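Biologist: I have a model on my screen and a pile of labels I'd like to understand. Could you walk me through the reasons behind them?

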Amino acid sequence: MRTIAADRKHLGAEIGFFAVLHTWGSNLLHYTHLHCVVPGGGFSANGSQWISCRNGFFLSVRALSRLFRRLSLEKLVNAFDAGKMEFFSSLEPLQDEAERPTEKGRRRGT
């Protein structure tokens with residue numbers, strides 16, 4: 001959120017927020033997610049003024065989704081390349097890089 005909010009194309013402000021990690025849903029099944037409290041704006045780069053978000057709109061969900069997806073995939077690939085990920089049961093073939101899906105959903109070997 002801070003990266004997108006700082007971008008002048010979106011808000012152009014330094015924001016703050018806090019988040020609470022939940023690891024279960026209301027049905028008490030595993031469902032990892034965050035609840036975030038974010039003010040409706042942030043401070044300018046030099047801290048001299050408050051920049052409010054547009055009425056009824058904070059940040060682009062599309063931009064947030066793309067950045068989150070890219071960063072998550074980078075972290076997963078780095079963990080795999082560093083040997084910090086293991087696959088079990090029906091996912092065991094994914095240990096072989098040629099069997100891992102690409103961004104387009106196809107296997108690398110095809």
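Modeller: Sure, and keep in mind that this is a predicted model. Let's start with Phe68, which is found in helix 2.

Biologist: Why is Phe68 called exposed?

Modeller: Phe68 has a relative accessibility of 60%. The label "exposed" needs over 50%, so Phe68 counts as exposed.

Biologist: What lies between Phe68 and Met1 in sequence and in space?

Modeller: They are 67 residues apart along the chain, and their C-alpha atoms are separated by 9.1 Å. Both residues also line the second largest pocket.

Biologist: Which other residues line that pocket, and which element gives the largest share?

Modeller: The lining also includes Arg2, Thr3, Phe17, Leu34, Cys36, Leu64, Ser65, Leu67 and Leu71. Two or more residues each come from helix 1 (2–6), strand 2 (30–37) and helix 2 (61–81). The largest share is from helix 2, with five residues. The space in this pocket is about 360 Å³.

Biologist: How does the lining split by class?

Modeller: Eight residues are nonpolar, two are polar and one is charged.

Biologist: Arg2 turns up in that lining. What makes its pairing with Glu14 a salt bridge?

Modeller: The closest N and O atoms of Arg2 and Glu14 are 2.4 Å apart. The cut-off is a side-chain nitrogen of Lys or Arg within 4 Å of a carboxyl oxygen of Asp or Glu, so a pair like this qualifies. Arg2 sits in helix 1, while Glu14 is in the loop between helix 1 and strand 1 (18–24), 12 residues apart.

Biologist: Why are Glu14 and Arg2 called partly exposed?

Modeller: Glu14 has 37% relative accessibility, and Arg2 has a relative accessible area of 48%. Buried means under 20% and exposed means over 50%, so values in between are called partly exposed.

Biologist: How many salt bridges are there by this rule?

Modeller: Two. In the other, the side chains of Arg70 and Glu74 meet at 2.9 Å, N to O. Arg70 and Glu74 both lie in helix 2, four residues apart, which is about one turn of the helix.

Biologist: And how exposed are Arg70 and Glu74?

Modeller: Arg70 comes out at 43% and Glu74 at 37%. Both values fall between the 20% and 50% limits, so Arg70 and Glu74 are partly exposed.

Biologist: Now the rings. Why is the pair Phe43 and Trp50 called edge-to-face?

Modeller: Their ring centres are 5.3 Å apart and their planes are at 85°. Centres have to lie within 6.5 Å for a pair, and planes over 60 degrees apart count as edge-to-face. The pair passes on both counts, so the edge-to-face label applies. Phe43, at 46% relative accessibility, and Trp50, at 41%, are each partly exposed.

Biologist: What makes the pair Phe80 and Phe87 tilted instead?

Modeller: Here the rings are 6.0 Å centre to centre, with 50° between the planes. Under 30 degrees would be stacked and over 60 would be edge-to-face, so an angle between those limits is tilted. Both Phe80 and Phe87 are buried.

Biologist: Which residues does Met85 touch, leaving out those up to four places away in sequence?

Modeller: Leu76, Ala79, Phe80 and Gln95. Met85 lies in the segment after helix 2. Gln95 is 10 residues from Met85 along the chain, with 8.6 Å between the C-alpha atoms.

Biologist: Why isn't Met85 counted as buried?

Modeller: Met85 is at 24% relative accessibility. Buried needs a value under 20%, so Met85 counts as partly exposed.

Biologist: What makes the phi angles of Leu28 and Ser89 worth flagging?

Modeller: Most residues other than glycine have a negative phi. Leu28 has a positive phi near 65°, and Ser89 has a positive one near 55°. Leu28 lies in the loop between strand 1 and strand 2, and Ser89 is in the segment after helix 2.

Biologist: Are Leu28 and Ser89 buried or exposed?

Modeller: Leu28 is at 67% and Ser89 at 66%. The cut-off is over 50%, so Leu28 and Ser89 are both exposed.

Key
Residues numbered from 1 in each chain as written. Predicted model: local features only at pLDDT ≥ 70, side-chain atom pairs only at ≥ 80, totals over all residues. Heavy atoms only, no water. 1 Å grid on protein atoms, 1.4 Å probe; cavity = no way out; pocket = protein on both sides within 12 Å on 5 of 7 lines; lining within 4 Å. Points joined across faces, edges and corners; volume = space filled by probe spheres on them. Nonpolar A, V, L, I, M, F, W, Y, C, P; charged D, E, K, R; others polar. Buried < 20%, exposed > 50% of the residue type's maximum accessible area, 1.4 Å probe, protein only. Contact = heavy atoms within 4.5 Å.
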